[in-house]
Amino acid sequence: MTIPELQQALDRVRETFRVPGYSVTVTVGGKPVTFTGGYSDIEQQQRPDGNTLFAIGSCTKSFVAGTICALADEGLLKLDDTVKAYIPEFSMYDRYVSENLTIRDMLCHRCGLPRHELSWYGRLSTLTEAEIIRGLAYLRPNVPFRYKWQYSNQMFALAGFLITRVTGLTWQDAVRKYIFTPLGITRCAFSPAEAKALGNCAEPYLYDKEKAAHYRVPHADIGAMGAAGSLYLSTEELNKWDRMLLGKGVFEGKRVLSEAMVHEMLSAQMLRGRESEAPCLTPLVKSHAYGLGLMTETFRGHELVHHGGHIDGFMADQSILPEDGFAISILTNVGMIRGAQVMRYVAVETLLGGGEDLCAGMHDFYENAAAKQAESNEKLWAERPANAPCPIPAEKIAGTYRDEGYGTMTIRPAEGSDLAIEYGDVTLTAKHYAHEYYYIEIPALMPGVLFPAKVSYDIRSEVNGFYAWFDNEGTEPIRFRRV
């Protein structure tokens, strides 16, 4: 592989997946090289460089896991200590899980919870650490403890709170102390305000397929959920972290983490199973698992460790091939489009000299998946029962509803027989389907996916609740009772 070959391959991904701009730092044989493409700010025609800040989303998780490993190196905790030993008020829906959930369980996503994303996403401006911890006791699991790998942002927010309890520092200051300072990382931010103050910060975008144009969206400030994905970094700074992992804890002659702790991070802790993926990847990618804040798998028989990051208007990726001395840090400024993930596999395929056209294969897969989702939605509405009005008028449904894990929502009448749901910082529309059933779409979280909901009422037609199947991985609805 040559750098011009790699840049040409990634430029093709940028064009195919409509990525406004990217910055990439790649390390081969210990030498980092940075190259960029497109625009970090479309309106100002500003181009990114190796120091341009991008939001890295869930790539933040590897830094949080790494900080906990640094605390383990200092003897301040052990990975198999229980969370409750450090956060006594912590509890979960299942008492056994409350007493036995370990730090390791928390960092490898095996607590039994599905994602429950809307329990926090809509309330970011007001949600506090205490509310997040308290709410965990009311979020119902959908599988037994340690039974299945299920990604949980709440667990990494909890990891941030645990760091504070152990060190007396904010988790942000602990990351600075234990990770950033020894690595010499200075261009970093933990919020949009900090990132903008540093300057040379990329702007976030989404792509409107109908208008064939990008549009700017606000930077996301995720507040108390920050340890799950609030970091801003440049690719040159992110690559320092990836090179340290390649070096088994050593960066430029300085030991940052013990080799034993890096081994824990990069080793399979929990099998992930095969998720929905492009058919072109199926023969190449095997052994899907999760380490500590990082995903592990094999690609063409080579060990591949990586993690993606997605937050409003940005997608990121960090990947290393430990046995090959290869690391690539990829930052892009468009949300929902999986360009950064595709760049990961295209880069590794280029490095290893494979001949698969993964750019085309993955593009076709995502396009077909979106088309199938749209077709399914059209069929659903085409089969909508005729003459099936809601037995309860919208005026009687209007009111305040609460679930202890999800918080409070206010429902009011909307156009026709639809309902408007004011939930924290967002307003959702519940479109009437038939009888007491509705469908809710949450474009900012899962565009195109329809979540069923229904009005609950008693024999006297008095509304007593609103049920919403917000978690498409579970089987039970979230029961908002009328208050």
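**Exercise 1. Work out how exposed E194 is, and which residue pairs with E194 in a salt bridge.**

Step 1. Start with accessibility: E194 has a relative accessible area of 33% and is partly exposed. On this scale buried means under 20% relative accessible area, exposed means over 50%, and partly exposed lies in between, with a 1.4 Å probe and protein chains only.

Step 2. Before going on, note that this is a predicted model, in which local features need pLDDT of at least 70, side-chain atom pairs count only at pLDDT 80 or more, and totals for chains, interfaces and linings use all residues. Residues are numbered from 1 along each chain as its sequence is written, and side-chain values use heavy atoms, with hydrogens and water left out.

Step 3. Now find the partner: R176 forms a salt bridge with E194, and their closest N and O atoms are 3.6 Å apart. A salt bridge here is a side-chain nitrogen of Lys or Arg within 4 Å of a carboxyl oxygen of Asp or Glu.

Step 4. Place both ends: E194 sits in helix 9 (residues 192-198) and R176 in helix 8 (residues 171-183), so this pair links distant parts of the chain, 18 residues apart. Helices (H or I, at least four residues) and strands (E, at least two) are DSSP runs, numbered from the N terminus. R176 is also partly exposed, at 27% relative accessibility.

**Exercise 2. Find how many salt bridges the whole structure has, and describe the one between E264 and R104.**

Step 1. The search of the whole structure gives 27 salt bridges.

Step 2. In one of them, the side chains of E264 and R104 meet at 2.8 Å, N to O. Because E264 belongs to helix 11 (residues 259-266) and R104 to helix 4 (residues 103-107), the pair ties together parts that are 160 residues apart in sequence.

Step 3. Compare the environments: R104 is buried, with a relative accessible area of 11%, whereas E264 is partly exposed at 22%.

Step 4. For another example, look at E476 and R479, whose side chains meet in a salt bridge of 3.4 Å, N to O. Both ends are partly exposed, E476 at 41% and R479 at 36%. Elsewhere, D41, E43, E203 and R216 are joined into one network by salt bridges that share partners.

**Exercise 3. Explain why C111 and C188 form no disulfide.**

Step 1. Recall the cut-off: a disulfide is a pair of cysteine sulfur atoms within 2.5 Å. The structure holds 0 of them.

Step 2. For C111, the closest cysteine sulfur is that of C108, 9.6 Å away, so it is too far for a bond. C111 is buried, at 3% relative accessibility.

Step 3. For C188, the closest cysteine sulfur belongs to C201 and lies 13 Å away, again too far for a bond. C188 is buried as well, with 11% relative accessibility.

**Exercise 4. Trace the closed barrel and the pairing of strands 21, 22 and 23.**

Step 1. Follow the strand order: the closed barrel has 8 strands, running 16-17-18-19-20-21-22-23 with antiparallel pairing. The twist from one strand to the next averages 30°. Two strands pair if DSSP finds at least two bridges between them.

Step 2. Strand 21 and strand 22 run antiparallel and are joined by 5 bridges; A453 has A468 in strand 22 as its bridge partner. Their hairpin has 5 residues between the strands, and S461 there takes a positive phi near 65°.

Step 3. Continue to strand 23 (residues 478-482), which is antiparallel to strand 22 (residues 463-468) and joined to it by 4 bridges. Here F466 has F480 as its partner, and A468 stands opposite I478.

Step 4. Add the helix: helix 13 (residues 358-382) packs on the sheet and touches strand 19 (426-434), strand 20 (437-441) and strand 21 (450-457). Contact means heavy atoms within 4.5 Å. The direction of helix 13 makes about 50° with that of strand 19; axes are lines fitted to C-alpha atoms, for helices over the stretch in contact, and angles run from 0 to 180 degrees between N-to-C directions.

**Exercise 5. Summarise the chain as a whole.**

Step 1. The protein chain has 14 helices and 23 strands.

Step 2. Of its 483 residues, 54% count as buried.
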